[in-house]
Amino acid sequence: MTATRAVLDAALAGQRPGHDAALALATETDLDWLMTVAATLRDQAHGDVVTYSRKVFIPLTKLCRDVCHYCAFVEQPKPGRASYLSPEEVLAIARAGQRAGCKEALFTLGDKPELRYAQAQEELARRGHATTIEYLARVAKLVFDETGLLPHVNPGVMNAADVALLRRVSVSQGLMLESTAERLTERGGPHFGSPDKAQALRLETVRIAGEQAVPFTTGLLIGIGETRRERIQTLLAIRDLADRYGHIQEVIVQNFRAHPGTRMVEAPEPSADELLWTIAVARIVLGAAMNIQAPPNLSAGRLRRLIAAGINDWGGVSPVTPDHVNPEYAWPNLDRLAADTAAAGKTLAERLAIYPAYARDRQRWLDGVFATPVVQAIDMDGLARVEAWSPGADIPPPEAPTIFAPAVSSDVAEILTRDRFDEAAIVRLFRARGADARAIMDAANARRIAVKGDTVTYVVNRNINYTNVCTYGCRFCAFSKGPLGETLRGPAYDLDRDEIARRVSEAWARGATEVCLQGGIHPRYTGNTYLDIVRTVKAAAPKMHVHAFSPLEIWQGAKTLGLELIPYLERLRDAGLGTLPGTAAEILDDEIRAVLCPDKIKTDEWLAVMTAAHAVGLRSTATIMFGHIDEPVNWARHLIRVRDLQARTGGFTEFVPLPFVHMEAPLYLKGRARKGPTFREAVLMHAVARLALHPLIGNIQVSWVKLGPDGAKACLEAGANDLGGTLMNETISRAAGASFGQEMGPEAMEDLIRSLGRVPVQRTTLYGAAPTERVEVSRRAVPLAPLVNRPASAARHDKDRLG
């Protein structure tokens, strides 16, 4: 075995080559093997996704004090022509990008032209600035403030003050090292006469950026006279800084192209194989996790080979502005880029200017002004959120994306053959995009057909939220009010027995078979309060099924009476409680609960309540509330915990995904949560739940309140078989900002179901057929009487109060 082959084998085993071993790769000529190793490493960390940023290119100034011999960007000053774009011109370009769906504003400019040209110095002075970087900071802030585009700045060599200033107005910065070979700055070299190409200065800029926690872009320009060994030395210099600070978010491998009008117009360009060799070696030296990019417009017709060499990113691609650095080479059409990426077995996905790992760790890597915009612009993977839709919004769901390659990834195909999924498999399914996501939804739908046929069930019920006063501080909840918060997002209320009884009687008269009762944890409520609520319902409608009290309410009720869970649940059962809703689950992973609902019952306590309920013959639903601060690994743990409990007790009747509705949620308003799941994520939750919970839980319900009719249809075609309840009243989602109605009557339910070619069936809570008499009454329902929500302050003095 050759020395370099040993290095490559070690790389496959997760060991990056040391400096000497890396330098030895300069003599490796087996390009196919290098590319195989590089692609394998890339796949270990990045899977089947290749990213890009949809950007608008803003060339703030084309003046530069350097005279790089290959550069087609730089221009000389001319009398009567402005040296810099004006703020108005900058904004016009940015707004064009905004209209085209761009999320990144790339500022590229010459290095310190004011140190060479009096015209630049004078123009800056007229604008009130001493340096180009000061002016850049001004217009970058302007673009962000006016358009919301996230600035990425490439201003050249910077000192610590420059980096700090730009950190406050941008999400990321960049400076190409190009090559650490100092000989390229000597007479006859491409960097001769360019003071800012001194590698000590450029490396110091990259180091300062690391010291100041700035997400940073750097890279190589190959084919300008450097050797392969010198390229590896440049890669090692980058790696050393990345290891020290963790701030280098991407490394570009850019191939020199000879431009007309430059001193190097006749210089030979690097061959395609030379570019592939450098990409592959970059991947091996920098490791699996590094983001490695190659500009697609500089290698038209060879994109599949670039992917095969180990890249995982195409860089910024603009639908509205040219590549001012390489003006002869147009950006690829994004559909064409997606198709070429798919032809290489990968899925194209949009990212922000800041990569996912940095977007997730916002407190470390971003100035505070950008933390909220970034979290609200990302999906569960930290990639760009590319749709206006969100749960609860009265906006049509996005159209299904074009799938450019029908082939399903081998790992997804293999997982779909399994009978049981472990955590890693579930996470992989949740991360699916493109053809993989479609295959998962189709598999879930096939499983639904096999288990449930073409029927879609629903229940005629009424929600009764008896109080919104709550002593808990769940950070996602827009419904609850603290004991003194009577005017926060509407008045605090506390229903009396008569109003509960009236609503129950009215629901029975309208054909309901179930009332669902939940509320806040009122400071005066005890376990006897919940017993009293059950008795009130049964007195008003003896045949009404009582579906009531989350595990939090059960836990609290038992605690106030000094009872263990089972004796207290037995009292509730004997009083007439029929089943428990599986709410208060949120995410059954204490890592998330510590942020989401820190004072609420823990995962084990929620599971303990459900175990006890099932033990005394009370069945329950199970829910997940997702799409806020959580990630697929948290979802996987949740599903596995529900599945494992169901395997022991068999007590869950259905699984209900509840997408996070963000609009009024405190955690969102404080800039700490996403805008709920994307539409793909929401539909995948139903599909993956169908597959992961099979055969233990047969019913997967979709929330029409959160997803709307069109969203509900999509989920019913991706594994769901139940449309939930008609509700009559809905308070919790609407308090969070959901736009959809409070009631979907039987006719509307059935019209929706039949529009899919499916068969509607009205059911009971326990999935039996609803009695014929109830069905007939439900079709003759009269409008609801106005609600009477007694103010919480009045309830304090009322002898009929619940608490």
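1. The expected span of a helix is 1.5 Å times one less than its number of residues. Take helix H24, residues 603-615, in this predicted model. H24 has 13 residues, so its expected span is 18 Å. The C-alpha atoms at its two ends are 18 Å apart, which agrees.

2. Which residues of H24 are buried? They are Thr 603, Trp 606, Leu 607, Val 609, Met 610, Ala 612, Ala 613 and His 614. After H24 comes Gly 617. Its phi is positive, near 90 degrees.

3. Now the chain as a whole. It holds 32 helices and 18 strands. Its C-alpha atoms fill a box of roughly 95 × 65 × 50 Å along the principal axes. A compact globule of 803 residues would have a radius of gyration near 28 Å; the chain has 31 Å, which agrees. Buried residues account for 61% of the 803. Take the contacts between residues at least 6 apart in sequence: 78% of them join residues at least 24 apart.

4. Next, the nonpolar cores. The largest has 119 residues. Those touching the most other members are Leu 517, Phe 549, Leu 569, Leu 572, Trp 606, Phe 655 and Leu 723. Helix H27, residues 679-693, gives this core its largest share, eleven residues. Another core lies apart from it, with 90 residues. Leu 63, Leu 85, Met 158 and Ile 238 are among them.

5. What does Leu 569 contact, once neighbours within four places in sequence are left aside? The partners are Ile 554, Leu 580, Val 609, Ala 612, Ala 613, Val 616 and Leu 618. Among them, Val 609, Ala 612 and Ala 613 are buried residues of H24.

6. Aromatic rings come next. The count is eleven aromatic pairs. One of them joins Tyr 525 and Tyr 530. Their ring centres are 6.0 Å apart, with 80 degrees between the planes. Planes over 60 degrees apart count as edge-to-face, so this pair is edge-to-face.

7. Are Tyr 525 and Tyr 530 buried or exposed? Buried means under 20% relative accessible area. Tyr 525 has 3%, so it counts as buried. Tyr 530 has 1%, so Tyr 530 is buried too. Ring pairs link both tyrosines with Tyr 466 and Phe 549 into a cluster. Phe 549 also appears among the core residues that touch the most other members.

8. Two arginines sit over rings. The charged end of Arg 763 is over the ring of Tyr 767, 4.1 Å from its centre. Arg 774 lies over the face of Trp 508, at 3.6 Å from the ring centre.

Technical notes: Residues are numbered from 1 along each chain as its sequence is written. This is a predicted model: local features need pLDDT of at least 70, side-chain atom pairs count only at pLDDT 80 or more; totals for chains, interfaces and linings use all residues. Side-chain values use heavy atoms; hydrogens and water are left out. Rings of Phe, Tyr and Trp (its six-membered ring) pair if their centres lie within 6.5 Å; planes under 30 degrees apart count as stacked, over 60 as edge-to-face and the rest as tilted. Buried means under 20% relative accessible area, exposed over 50%, partly exposed in between (1.4 Å probe, protein chains only). A charge sits over a ring if NZ of Lys or CZ of Arg is within 6 Å of the ring centre and within 35 degrees of the ring normal. A nonpolar core is a set of buried Ala, Val, Leu, Ile, Met, Phe, Trp, Tyr and Cys residues joined through side-chain atoms within 4.5 Å. Helices (H or I, at least four residues) and strands (E, at least two) are DSSP runs, numbered from the N terminus. Contact means heavy atoms within 4.5 Å. The radius of gyration is taken over C-alpha atoms; the globule rule is 2.2 Å times the number of residues to the power 0.38.
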